[in-house]
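Biologist: Could we go through this structure together? I should like to begin with the ligand and then turn to the cavities.

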Amino acid sequence: IKSDPTVFVIFGGTGDLNMRKLAPALYNLYLDGWMPKQFSIIGTGRTKYTDEQYRQTLLDGINQFSRSGKADPVKWKAFSESVYYQSSDVKDHESYKEFGTRIEKHAADWKTKPNVIYYMAVSPNFFPIIASNLSKAKLTQDTKRVRVVIEKPFGHDLESAKELNQLLANIFDECQIYRIDHYLGKETVQNIMAFRFANSLFEPLWNRNYIEHVQISVTEQLGMGERGDYYDGSGALRDMIQNHLLQLLCLVAMETPINWESDEVRNRKVEVLRAMRPFTADDVRNSTVRGQYAKGWMEGKEVPGYREEAKVDPQSNTETFAAIKFFVDNWRWQGVPFYLRTGKRLHQSASVITIQFRDVPHKVFPSETSESWAQNRLIISIQPEMSIRLQVQAKRPGLDMILNPVDMVFDYKGTYSNQTPEAYETLLLDTMMGDQTLFMRGDQVESAWELVMPILNTWQNKKSLSFPNYSADSWGPESAEALIARDGFHWFTLP
Ligand code: NAD
């Protein structure tokens, strides 16, 4: 099934996100036959380009970043004939009339009303002005066909997220608003739901009776790169935990939806956020850890500390690492800790969810394993490795009865020969099809902000820190180990 004819208007059409992600995703959707027969991509930015010059910049991006490699000249030509450029300032409301004229022309040529998708790949400061200028130009009224895609970050705190939601709600219907959390488009992340709800094997065990604790760890080797100015005003809690990691937690913890309708699934997810235990000042002290990296060595190269990075305040107290213990106060999860951690300049780049099952009630066999709590684990590896492994105990071959943990592995690479689509391909296709399941609803975003606000506020008010407190190429501050070790566990890492 393909979507109806579609016009994309990409604000920030000359920006990094479009070059690296959006344009390659649209091109790959085209190669794989998912684009509608009639489509048009109108990039817009302040730079002056002709259509031809703009197409060339996108081609450069695609050649560099597309998962399908260098573009095939014939296919690229056919695709690029539907790519246009309009130079304009988002603040100039007159220029929006031009979008209207272009859309009407497509409608006349195609003899049908197209879907129109406005993609806000610009700084969040511009989200309100673009929305209100679209509205002034009467480009938003068709609630069935007009959609708007909002990039992260969605708000800087609860108050600003509420404001943005309110502003969008004055202009659009919720069914028109697609708030992107690109983690939700990842193949392995979507598979969490398939894995949980399409197998009878796991669901009976998926609760406090059998699960001891859950870890969600998103670690990065990278430092700031060019993003220092944005990141310094944000930090690990806002940039990663409030959105991506809490969304992963929701997928692990949600109740079974009755069907695959977008609001049904999103209702179940928002219920998890609503059930999460609010943080008191004591909880912030006892159950959270923040860190900032010092300079050090990574893979034989000296790397700067966070405070020495470009566009970062040399006295910055922004955290580049956060580890937090959460609880979900409902019947299923009572007493089961969820440990989340994320950080930059860590030893490994890996996004991994570990479900640790409880120990057997009585040990019959002598075990040679050094870990006392290593009996059964489900390890969902999201990136870069894409796999699900179940660790079980098995007898080691030999005359002795000695047990060892072994892995039952579902590895994408070994199972499927074709390439997996990028998250943005999935999400752009869903936007064309009008499927909001993998997008954040307004109340979801607000609930997630509500949960992290006490942590942000306490961290903000208590600035006497001994930053930097972890060295590059480590696993973060020692206190993050202590946070989980106090409960008798340790952070799981991939070999
Ligand atoms: P960028 O700075 O590379 O691009 C900004 C774009 O905005 C450019 O096309 C520029 O021409 C345009 N722009 C700036 N001022 C304008 C104006 N007054 N009128 C018209 N156009 C104007 O930024 P980016 O990295 O592409 O990020 C864009 C958005 O996507 C941000 O909200 C960012 O948080 C989000 N995002 C980016 C990435 C990424 O990988 N780059 C990932 C996730 C989210």
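Modeller: Certainly. In this predicted model, an oxygen atom of the ligand lies 2.6 Å from an N or O atom in the side chain of R20.

Biologist: Which polar backbone atom is 2.8 Å from an oxygen atom of the ligand?

Modeller: That backbone atom belongs to L17. In addition, a polar backbone atom of K152 is 2.9 Å from an oxygen atom of the ligand.

Biologist: And how much of the ligand's accessible area does the protein cover?

Modeller: The protein covers 76% of the 830 Å² that the ligand has on its own.

Biologist: How many residues surround the ligand?

Modeller: There are 20, and the closest are T14, D16, L17, R20 and V122. Helix 1, residues 16–31, gives the most to this shell, with three residues. By type, the shell has seven nonpolar, six polar and seven charged residues.

Biologist: Now the cavities. How many are of 30 Å³ or more?

Modeller: The structure holds four of them. The largest has a volume of about 120 Å³.

Biologist: What lines the largest cavity?

Modeller: Its lining consists of 13 residues, and K152, F154, I180, N243 and M440 lie nearest the centre. Helix 9, residues 236–253, gives the most to this lining, with three residues. The lining divides into six nonpolar, three polar and four charged residues.

Biologist: What about the second largest cavity?

Modeller: Its volume is about 50 Å³. The residues lining the second largest cavity include R341, W475 and F492. Strand 7 (211–219) and strand 14 (350–357) each supply at least two residues of that lining.

Definitions and conventions: Residues are numbered from 1 along each chain as its sequence is written. This is a predicted model: local features need pLDDT of at least 70, side-chain atom pairs count only at pLDDT 80 or more; totals for chains, interfaces and linings use all residues. Side-chain values use heavy atoms; hydrogens and water are left out. On a 1 Å grid over the protein atoms alone, a cavity is a set of points where a 1.4 Å probe fits but cannot get out, and a pocket is an open set with protein on both sides within 12 Å along at least five of seven lines; lining residues have an atom within 4 Å of a point. Grid points are joined across faces, edges and corners, and a volume is the space filled by probe spheres set on the points. Helices (H or I, at least four residues) and strands (E, at least two) are DSSP runs, numbered from the N terminus. Ala, Val, Leu, Ile, Met, Phe, Trp, Tyr, Cys and Pro count as nonpolar, Asp, Glu, Lys and Arg as charged, and the others, Gly among them, as polar. A residue is near a molecule or strand if one of its heavy atoms lies within 4 Å of it. A polar contact is a pair of N or O atoms within 3.5 Å; within protein, one must be able to donate a hydrogen and the other to accept it, and residues adjacent in sequence count only if both atoms are side-chain atoms. Accessible areas come from the Shrake-Rupley method with a 1.4 Å probe; for residues, only the protein chains shown count as cover.
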